[in-house]
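Please open the structure in your viewer and keep the selection tool at hand. The tour goes from one stop to the next.

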Amino acid sequence: MAEKFDNLEEHLEKFIENIRQLGIIVSDFQPSSQAGLNQKLNFMISGLQDIEKCRQQLHEINVPLEVFEYIDQGRNPQLYTKECLERALDRNEQVKGKIDTMTKFKSLLISELGKVFPEEMSKYKAIHGEDAPS
């Protein structure tokens, strides 16, 4: 899989370099540079075709739109992964806290219900097992 990305990266680098050279030719255009301009335009077309071939090889890869937003904002796309992991860890801690709280509440509720309704709670414990408060 990595060689597919390497191939795409190589084609993109060539394409970018060709566009840079094309910009230089166009910015200082002389009638004598028409042949060079035509050649660079043809290279650009073939470069787009090469990139298209790479796209077909990588069609099964999905990239979250947020990654492109990071790139558009000039941020490192690797920060997206880092921030996703941080959000997941924060959410995990919140959920774990809620689970712990509910477990403590269940234990306290069963204990208090056992004091008020001892017969019903003994039936409950018989159905759910003796470890029901945990």
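What follows is a short walk through a predicted model.

Start with the aromatic rings. A search of the whole structure finds 1 aromatic pair. To see the pair, select tyrosine 70 and tyrosine 80, whose rings meet edge-to-face, with 5.7 Å from centre to centre and 80° between the planes. The pair links distant parts of the chain, 10 residues apart: tyrosine 70 belongs to helix α3 (residues 65–72), and tyrosine 80 to helix α4 (residues 78–116). Are these two tyrosines buried or exposed? Tyrosine 70 is buried, and tyrosine 80 is buried as well.

Keep tyrosine 70 on screen and add arginine 75. Arginine 75 lies over the face of the tyrosine 70 ring, 4.1 Å from the ring centre.

Next, turn to the cysteines. How many disulfides does a search of the whole structure find? The search returns 0. Select cysteine 54, which counts as buried because its relative accessibility is 2%, under the 20% cut-off. Then select cysteine 84, which is partly exposed, with a relative accessible area of 24%.

For the last stop, show α4 together with helix α5 (residues 118–128). The two pack at an angle of about 130°, and their axes are 6 Å apart. That angle makes α4 oblique to α5. To view the contact, select Lys106, Ile110, Leu113, Gly114, Lys115 and Val116 on the α4 side. On the α5 side, add Pro118, Met121, Tyr124 and Lys125.

Notes
Residues are numbered from 1 along each chain as its sequence is written. This is a predicted model: local features need pLDDT of at least 70, side-chain atom pairs count only at pLDDT 80 or more; totals for chains, interfaces and linings use all residues. Side-chain values use heavy atoms; hydrogens and water are left out. Rings of Phe, Tyr and Trp (its six-membered ring) pair if their centres lie within 6.5 Å; planes under 30 degrees apart count as stacked, over 60 as edge-to-face and the rest as tilted. Helices (H or I, at least four residues) and strands (E, at least two) are DSSP runs, numbered from the N terminus. Buried means under 20% relative accessible area, exposed over 50%, partly exposed in between (1.4 Å probe, protein chains only). A charge sits over a ring if NZ of Lys or CZ of Arg is within 6 Å of the ring centre and within 35 degrees of the ring normal. A disulfide is a pair of cysteine sulfur atoms within 2.5 Å. Axes are lines fitted to C-alpha atoms, for helices over the stretch in contact, and angles run from 0 to 180 degrees between N-to-C directions. Angles under 35 degrees count as roughly parallel, over 145 as roughly antiparallel, 65 to 115 as roughly perpendicular and the rest as oblique. Contact means heavy atoms within 4.5 Å.
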